[in-house]
Amino acid sequence: MIKLLKIEWYKLRPYTIFWVFTGLYSILLFGAYYVVKKATSSEEFSLGFPMKWQGLTYIAGWLNPFLVLLTILYTTNEYTFNTIRQNVIDGLSRTEVFISKVMVHLLFSLYSTILVVLLGTLFSALFSKSFNAENYFNDFYFVGIHFLKCFTFFSIAYMLSLLFKKGIISIIALVILYIGDSLVSWIITNPIFDMLPFASMSNLINNPLFEQIAKQLTPETPPPLWVFILVVIAYMILFNAASWFLLNKRDLKG
Amino acid sequence: MILSVKNLAKKYGNIVAVNDISFEVEKGTVFGILGPNGSGKTTTLGILLDVVERNGGSFSWFDQAADENHRNRIGSILETPNFYPHLDAESNLKVNALIKNVSFDRIDEVLSRVNLLERKNSKFRTFSLGMKQRLAIANALLSDPEVLVLDEPTNGLDPQGIVEIRDLINELSSKGKTIIIASHLIDEIEKVCTHVAIMKKGNLLQYGPVSEILVADPRIEIASENLVELEEVLKKQLFVKKIEKRKNMLIISLNRDVEIAEISKILQEKNIYPTHLNQVKKRLEEQFFEIIK
């Protein structure tokens, strides 16, 4: 495991796009929190400070595509340069190849989660009048949900990268899936369609503002959060299993 | 046995890339796989290195069941040199050193072996084709493996580079390493290999020691005033295997080595006086084309 992580680190460290994307992601997340803080002065506002974790992770969710784009390029480059093939020729098993990228995705998810916690804590400590342990941990479970959401997003992108092997095609496929999935779940109100991959992921962390409004507008109660958590976990397992399958059952060639 | 292959098969749709081939490679041999482009050499090696899925058959390295650990004992080049373009030569080899659990100290050693030490901090994407190929060879040598699998190892190299690779292979072979080389260059195979397998369109046509496979029949060029009469006489000789007619001479393939003097004597007895009589050096290319015809 440590060996696989070391290998990935040696590949990533000199990779300019890696530093640009993670740097940009970090700056944009900071910027987003700052803008929202400026825009919302009222403390009653649930998106305002103390920004509850639901709000913080909801905003962070919009920036996930940055890191996802990076992992798609990172994985498909292994096909473009045939290095995935060389790694196996040199001695890695296909399962090791699979695990090494999964670990990268876990680390990226962890990075995003830690960044959200750090920035959230920083902003709350600086700007909130009601910064205390009770408020702090009130809906802290959204941090865990954010981690799950990130990793599942990476898992979908991973499967597409392995399926199409080309960066640009994988990205287009991801966008089409995302738009298609969102459109279907918006247009058709049947709750079954809320269980589509992206719909269920976005249902994990709702916009705290709209959630209040939606509650007043529609009398029906949406499925409870734990249902979406289970559905997303199922997708996460499914997409990773598909990735493993794609890596093991096909010729390794770009 | 270093490698044994049984009834290996691979199809791409309707195209048969590898058709039911079997062979064995013994320890310490330099085993050449010879065949024209598209004969299935690279596909075969790809299957043996677990990057291409086979449709049938089996193989085993080191007399053990297929398992990824075997590739740690094998240094390989398959098709083109595959490296990370944004990494320098040294970092690219570090990736392989980590995969193979080899000390980073080996890197300078193998880079200097292929004359790339001065470029170790240059990014791979700045390399010329020949340098890329040399880096691929350094990569294969990194773990000082028992077995080397080299697919077209002299691809993109200049004449000097080709000689260097040939020397390298001979040196490794003399140290008892087993080397498997795929090539479409008969010259390359003949100069370094002890054994050869000849492939065409996915089929293994022949395999065995080079001295048995790539041996052409001794041949003689012969001409006289009357070629028809000459041919009549030669046809009746037991040592003549085949007669090819050329514009103004005959080329006869012999079943055994026959002295020119002996032929000359036979012809004189029939009152034929050859105007041209010449022993032809063995031509491996022709022998090769004969096999793959």
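Which residues does B:Ala138 touch, leaving out those up to four places away in sequence? In this predicted model, the list runs to B:Leu93, B:Val110, B:Leu111, B:Arg113, B:Val114 and B:Leu116. B:Ala138 also turns up in the largest nonpolar core, which has 79 residues. Together with B:Ile181 and B:Val196, B:Ala138 touches the most other members of that core. As for who supplies the residues, helix α4 of chain B, spanning residues 129-141, chips in the most, with 7. Another core sits apart from this one and holds 44 residues. Among its members are A:Leu56, A:Val104, A:Leu162 and A:Leu204.

Now for chain A as a whole. Chain A has 11 helices and 0 strands, so reading from the N terminus gives nothing but one α after another: α-α-α-α-α-α-α-α-α-α-α. How do contacts in chain A spread along the sequence? Taking the contacts with a separation of 6 or more, 81% come from residues 24 or more positions apart. Buried residues, meanwhile, account for 39% of the 254 residues in chain A.

What about overall dimensions? Along the principal axes, the C-alpha atoms of chain A fill a box of roughly 60 × 40 × 25 Å. The radius of gyration of chain A comes out at 19 Å. A compact globule with 254 residues would have a value near 18 Å, so the figure for chain A agrees with that expectation.

Conventions
Residues numbered from 1 in each chain as written. Chains lettered and ligands numbered in written order. Predicted model: local features only at pLDDT ≥ 70, side-chain atom pairs only at ≥ 80, totals over all residues. Core = buried A, V, L, I, M, F, W, Y, C linked by C-beta atoms within 7 Å. Buried ≥ 20, exposed ≤ 12 C-beta atoms within 10 Å, placed from the backbone. Helix = DSSP H or I, 4+ residues; strand = E, 2+ residues; numbered from the N terminus. Contact = placed C-beta atoms within 7 Å. Rg over C-alpha atoms; globule rule 2.2 N^0.38 Å.
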